[in-house]
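Some words used for protein models rest on cut-offs, and it helps to ask what lies behind each of them. The turns below take up such words one at a time.

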Amino acid sequence: MDEKKPKSNQIFNEVRYFIPSECTEEVKEILKQEGAKKEFYISDLVTHVISDMEDEALINEAKEYDLPIVTQSWVTTSMKAGMKLPTKPFSLQKDGLFSGIIICPSQIPCDDLDKLWAMVTYHGGTCQLNLTPSCTHLVVPQANGEKYNAAIKSEGKIKTITPSWIVDCIKSDKLLDELNYLPSESTDTTNSSHDEKDLESTDDSMTTPSNPSLCTAPLRTTDSRSSAFTSPATTESRKQNNKNEKHEVLEVRETPVKTEGEASHNYQFVENNVSRDEACAVKLEAQAIEEHAETTEDRNEMSMLQPENSEQSLLLTGCVFVVSDYQDCMDHSILDTWIEVIKSNGGQVEPFYTRRCTHLLCLNKCGKLYHKALADGKKIVTAHWLNDMLSDKKMVKPSNPLHFPVPFPYKMPECKNLSITVTGYTGAERLLVKNMIFVIGATYTGYLSRSNTHIICKSSVGDKYAKAREWGIPCVNAKWLGDIVTSAKVPPCALKRYSVFGEDDDLSANMDHVKDLIGAWANDPTVPDNTVDIKESKGMKRKQAEVEEAEVEESQTAKKQRFSNSSNIEMNSNTPRVLFTGLSIGKVSTLMKMLTELGGVAADSHRTCTHLVATKIIRTVKFLSAISIAQFIVTPNWIEESFEKKQFLDPKSFLLEDVEAEKELNIRLSASIERAQSHKLLKDVQVYATQNVQPSPSSLKEIVESAGGQFLTSIPSRTMLRNLKNSKTKEGKPSLIVVTCQEDLELCDTFTKCGIDIHSTEIILGGVLSQELDLKTYKVKFK
């Protein structure tokens, strides 16, 4: 406990990352120790995608969420630097100014060499000390030396330039003509002869090999050479300051070689086994942290900004909130952040509903607390409203569909087969539309394909709109989506209300659907009215009448063509419902196409899956949840070979076997699945988890409920705890299991005083893998 680094000093304590494929154990350990939190799919929660694989589908999806895709070296190098470095030098997307350019610097002083190296790397280029045929540019201040002569012999394949070309390209943000930056010939014959003498005295002097690989020997530079980043006018002053000779290393081996008299600190990164790219990235961060520091935007509406001034801090004065629903679907730490933000803005948060509460913050209209608050005339809103209001620094009435609790408890079953894309919307508007798609349970795609069922359009122009019309895909405005969110019904696409594009209010909520909620705001003079009046004007009534009378233009034949497959799938209980875990996004995309052609479907969650596809036993929430539900856990070969045979093959021939993991975990996967199919591991068992356990309480809830257990979100009363102490299920399992972590031991007093055993989360995680509860091994012992 004493060695644990405080959260405030953890490098990645604000990072939520997604890794589409496996990463090294070193990277995993660093992320865990430094406070990063893992997400299991790309969403608004994610701040970074970490991958060394160039996957076009992954890059496109990350772009949709404005996420940086970094290599694993970003993690390791940040650790060595002791700070979170900018992502640009480590980006997987090669789209920088110097992308595709390989630069070999020569005759550059060590200090300036680091700066040049950092600038080139930061802007997407590559630097190397070897002059090889793959190099595109040789950076040299003067037109002499072995590397310069070798570059000239390349007949223009390797361009020679001065360091000023690098600087000026960055300033102008474009690649400039190299002919304007040719190095000038040296007029210092003394220096020249001195260089030649040094070349003759070395054993590793350059020879011309039979293959075109260009390599050079160590070259000693004289103290008369000016800095690569100073003008000729400063040369004389530099001569006086540089009394000790500087020695450049021209690489002939894997690691730079130090020559006699070279200051050891110039190549300290070699001794520490840090690559030159990493060392320069570290130096870049230290020198340009103010200019290039990475700004991490929290894409989760749940993590709101702290107040910046006294005006904002009084925004919620007089507001008394009580929170419902969110506790069951989010990390406790995020909920704590909400409470802090509300209080810092002048509001109050009550743990229970009372008459003094003014606002109910909830997800849906299905809870008892919602109906109680509605009857009492309280203002009922969602976290989306709270976030938007605090971001705008202005108290406003709820206006868009996500500002109001939805009329369904979870995602709508009617929408699970919808595949929706968006065009014309940008920034916050696009994010709002994507969030609405997610809320109703449909699938969002960042591209248009024939498999899309709908496209949400801001205007009736553009390639996406034209192609959708050509393919017969319904084109509707955002009102169609908003009406689904607020009414829990999927209206016909061809109503005139949804075919008028470019209106200013297409992202506003339909007030007919939320008039019972907006009424609480009607008599509040302190809040400006940014919503449509509840009372309909005659024009609105006429418009509504037109909508009601509008004929559906879309033919029934076209509808059947688009939805027949999904309808048949739902009726056929033998249809495989497949879930994927531990695979790259590109691999999943390929397998999904095969699965669809075979007549299978992607399971909307682990709760409905019949087959889990994985390449190995991996402790993701999907795997740990699906093992209690899925009939089969198979390898991707099942889909691939079934696709070749044009029919689903027997999955028993493709069952996942991970001998190494099974040996390490002391399980037999096939036996675990058999036990899960015959009896739920946690049937009649209640599980409570303290707030800082890993995986998070919300993830643990999915695993527990999949195994047949009940997950508790609050501590039972002492009376109930005493009753549960000796209570057992029919199978002899304890009726209550409490799991905690080292950080939360002090939170377990209530349980220990009642004689309840405390365990680590391994009792659940290891338990579902083996489908057996080990009540002794994972029991926490208190001193």
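**Reasons behind the labels**

Q: Why is Gln 107 called buried?
A: In this predicted model, Gln 107 has a relative accessibility of 6%, and since buried means under 20%, the residue counts as buried. Gln 107 is placed in the loop between strand S5 (102-105) and helix H4 (110-122), and its phi is positive, at about 60°, although Gln 107 is not a glycine.

Q: Glu 155 also has a positive phi without being a glycine; what makes it count as buried or exposed?
A: The phi of Glu 155 is about 60°, and the residue is found in the loop between helix H5 (146-153) and S8. Its relative accessibility is 72%, and because the label exposed needs a value over 50%, Glu 155 counts as exposed.

Q: What makes Thr 160, in strand S8, count as buried?
A: Strand S8 spans residues 159-161, and Thr 160 within this strand has 9% relative accessibility; the limit for buried is under 20%, so Thr 160 counts as buried. Leaving out residues up to four places away in sequence, Thr 160 touches Leu 138, Tyr 148, Ala 151, Ile 152, Tyr 181, Leu 182 and Pro 183.

Q: Why does Gln 327 count as partly exposed?
A: Gln 327 has 31% relative accessibility, and because partly exposed covers what lies between under 20% and over 50%, that is the label Gln 327 receives. The residue is found in the loop between strand S11 (320-323) and helix H13 (332-344).

Q: Which residues is Gln 327 in contact with, leaving aside its neighbours within four places in sequence?
A: Gln 327 is in contact with Leu 335 and Thr 713. Gln 327 and Thr 713 are 386 residues apart in sequence, while their C-alpha atoms are 7.1 Å apart in space.

Q: What makes Ser 770 count as buried, and which residues does it touch?
A: Ser 770 lies in helix H30 (residues 762-770) and has 14% relative accessibility; as buried means under 20%, Ser 770 counts as buried. Residues up to four places away in sequence aside, Ser 770 touches Ile 667, Ser 672 and Arg 675. The C-alpha atom of Ser 770 is also separated by 8.4 Å from that of Leu 665, a residue 105 places away along the chain.

Q: How do you know that Cys 135 is in no disulfide?
A: The nearest cysteine sulfur, that of Cys 104, is 5.0 Å away from the sulfur of Cys 135, and because a disulfide needs a pair of cysteine sulfur atoms within 2.5 Å, Cys 135 is in no disulfide. The structure as a whole holds zero disulfides.

Q: Why do Cys 135 and Cys 319 count as buried?
A: Cys 135 has 2% relative accessibility and Cys 319 has 7%; buried means under 20%, so the label applies to Cys 135 and to Cys 319.

Q: Why is helix H1 called oblique to helix H3?
A: H1 (residues 25-33) and H3 (residues 73-81) pack at an angle of about 55°, with their axes 9 Å apart. Angles under 35 degrees count as roughly parallel and those from 65 to 115 as roughly perpendicular, so H1 is oblique to H3. The crossing of the two helices is left-handed, and Glu 26, Val 27, Ile 30 and Leu 31 in H1 meet Val 75, Thr 76 and Met 79 in H3.

Q: What makes H22 oblique to H24?
A: The axes of H22 (residues 585-598) and H24 (residues 637-645) cross at roughly 45° and come within 9 Å. Because this angle falls in none of the ranges for roughly parallel, roughly antiparallel or roughly perpendicular, H22 is oblique to H24. This crossing, too, is left-handed, and the residues of H22 that meet H24 include Leu 591, Met 594 and Leu 595.

Q: Where is the cis peptide bond that involves Pro 695?
A: The cis peptide bond joins Gln 694 and Pro 695, with omega about 0°, and Pro 695 has its place in the loop between strand S23 (686-689) and helix H27 (697-706).

Note on methods
Residues are numbered from 1 along each chain as its sequence is written. This is a predicted model: local features need pLDDT of at least 70, side-chain atom pairs count only at pLDDT 80 or more; totals for chains, interfaces and linings use all residues. Side-chain values use heavy atoms; hydrogens and water are left out. Buried means under 20% relative accessible area, exposed over 50%, partly exposed in between (1.4 Å probe, protein chains only). Axes are lines fitted to C-alpha atoms, for helices over the stretch in contact, and angles run from 0 to 180 degrees between N-to-C directions. Helices (H or I, at least four residues) and strands (E, at least two) are DSSP runs, numbered from the N terminus. Angles under 35 degrees count as roughly parallel, over 145 as roughly antiparallel, 65 to 115 as roughly perpendicular and the rest as oblique. A crossing is left-handed if the near helix is turned anticlockwise from the far one by less than a right angle, and right-handed if clockwise. Contact means heavy atoms within 4.5 Å.
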